[in-house]
Amino acid sequence: MSEKDNKTQWAEDRTDWAEDRTVLANERTFAGWMRTGMAALAIAIGLRAVFGPFEPTWAAKAVASAFILIAIFIFWAARRQACKTIERMESHDANAQPTRVMTILAAVLSLSSAGVGVILWLL
């Protein structure tokens with residue numbers, strides 16, 4: 001193998017590794033957004049604890065509901081961005097999470113968040 005071919009191979013390897021790092025960074029970013037959505041959900045639950053005897057109760061519940069809706073939006077926005085990135089990237093040595101897993105996670109967290117909202121309104 002000539003020196004030029006060797007340099008070309010190294011350049012291609014570095015590009016492949018950069019794409020793999022981007023795939024893994026995308027998954028870390030997705031996980032970070034999931035945590036942010038869960039934090040918004042925790043704020044909604046915390047509002048119930050802080051404003052338990054608050055009158056009118058509908059006002060505190062409405063604010064908590066806003067945080068629940070924000071959490072659901074975050075889950076689906078993160079899923080959309082992560083899936084778009086995965087579609088554009090080609091993994092080489094790293095195995096990206098299937099977009100199906102991200103969709104299931106966003107759906108489960110959204111349904112659970114909606115359940116929390118129903119419970120908060122029933123309390």
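What pattern does the chain follow when read along the sequence?

**Figure 1. Overview of the chain in the predicted model.** Read along the sequence, the chain follows the pattern α-α-α, with 3 helices and 0 strands, where helices (H or I, at least four residues) and strands (E, at least two) are DSSP runs numbered from the N terminus. Buried residues, meaning those under 20% relative accessible area (exposed is over 50%, partly exposed in between; 1.4 Å probe, protein chains only), make up 27% of the 123 residues in the chain. This is a predicted model, in which local features need pLDDT of at least 70 and side-chain atom pairs count only at pLDDT 80 or more, whereas totals for chains, interfaces and linings use all residues. Residues are numbered from 1 along each chain as its sequence is written, and side-chain values use heavy atoms, with hydrogens and water left out.

**Figure 2. Close-up of the contact of helix α2 with helix α3.** The axes of helix α2 (residues 57-88) and helix α3 (residues 99-122) come within 10 Å and cross at roughly 175°, the axes being lines fitted to C-alpha atoms, for helices over the stretch in contact, with angles that run from 0 to 180 degrees between N-to-C directions. That crossing makes α2 roughly antiparallel to α3, a term for angles over 145 degrees. The residues of this contact divide into 18 nonpolar, 6 polar and 2 charged; Ala, Val, Leu, Ile, Met, Phe, Trp, Tyr, Cys and Pro count as nonpolar, Asp, Glu, Lys and Arg as charged, and the others, Gly among them, as polar.

**Figure 3. Close-up of Lys 61 in helix α2.** Lys 61 is buried yet has no salt bridge, and the nearest side chain of opposite charge, that of Glu 55, is 9.1 Å away; a salt bridge would place a side-chain nitrogen of Lys or Arg within 4 Å of a carboxyl oxygen of Asp or Glu. The side chain of Lys 61 instead reaches the backbone oxygen of Leu 123 at 2.9 Å, and a polar atom of that side chain lies 3.1 Å from the backbone oxygen of Trp 121.

**Figure 4. Close-up of Gly 32 in helix α1 and Ala 107 in helix α3.** Gly 32, in helix α1 (residues 3-50), counts as buried because its relative accessibility is 19%. The C-alpha atoms of Gly 32 and Ala 78 are separated by 9.0 Å, although these residues are 46 residues apart along the chain. Ala 107 is partly exposed, with a relative accessible area of 26%, and Ala 107 and Ile 72, 35 residues apart in sequence, are 8.9 Å apart in space, C-alpha to C-alpha.

Definitions and conventions. Parallel < 35°, antiparallel > 145°, perpendicular 65-115°, else oblique. Lys, Arg positive; Asp, Glu negative; His and termini not counted. Polar contact = N/O pair within 3.5 Å; in protein donor to acceptor, adjacent residues only side chain to side chain.
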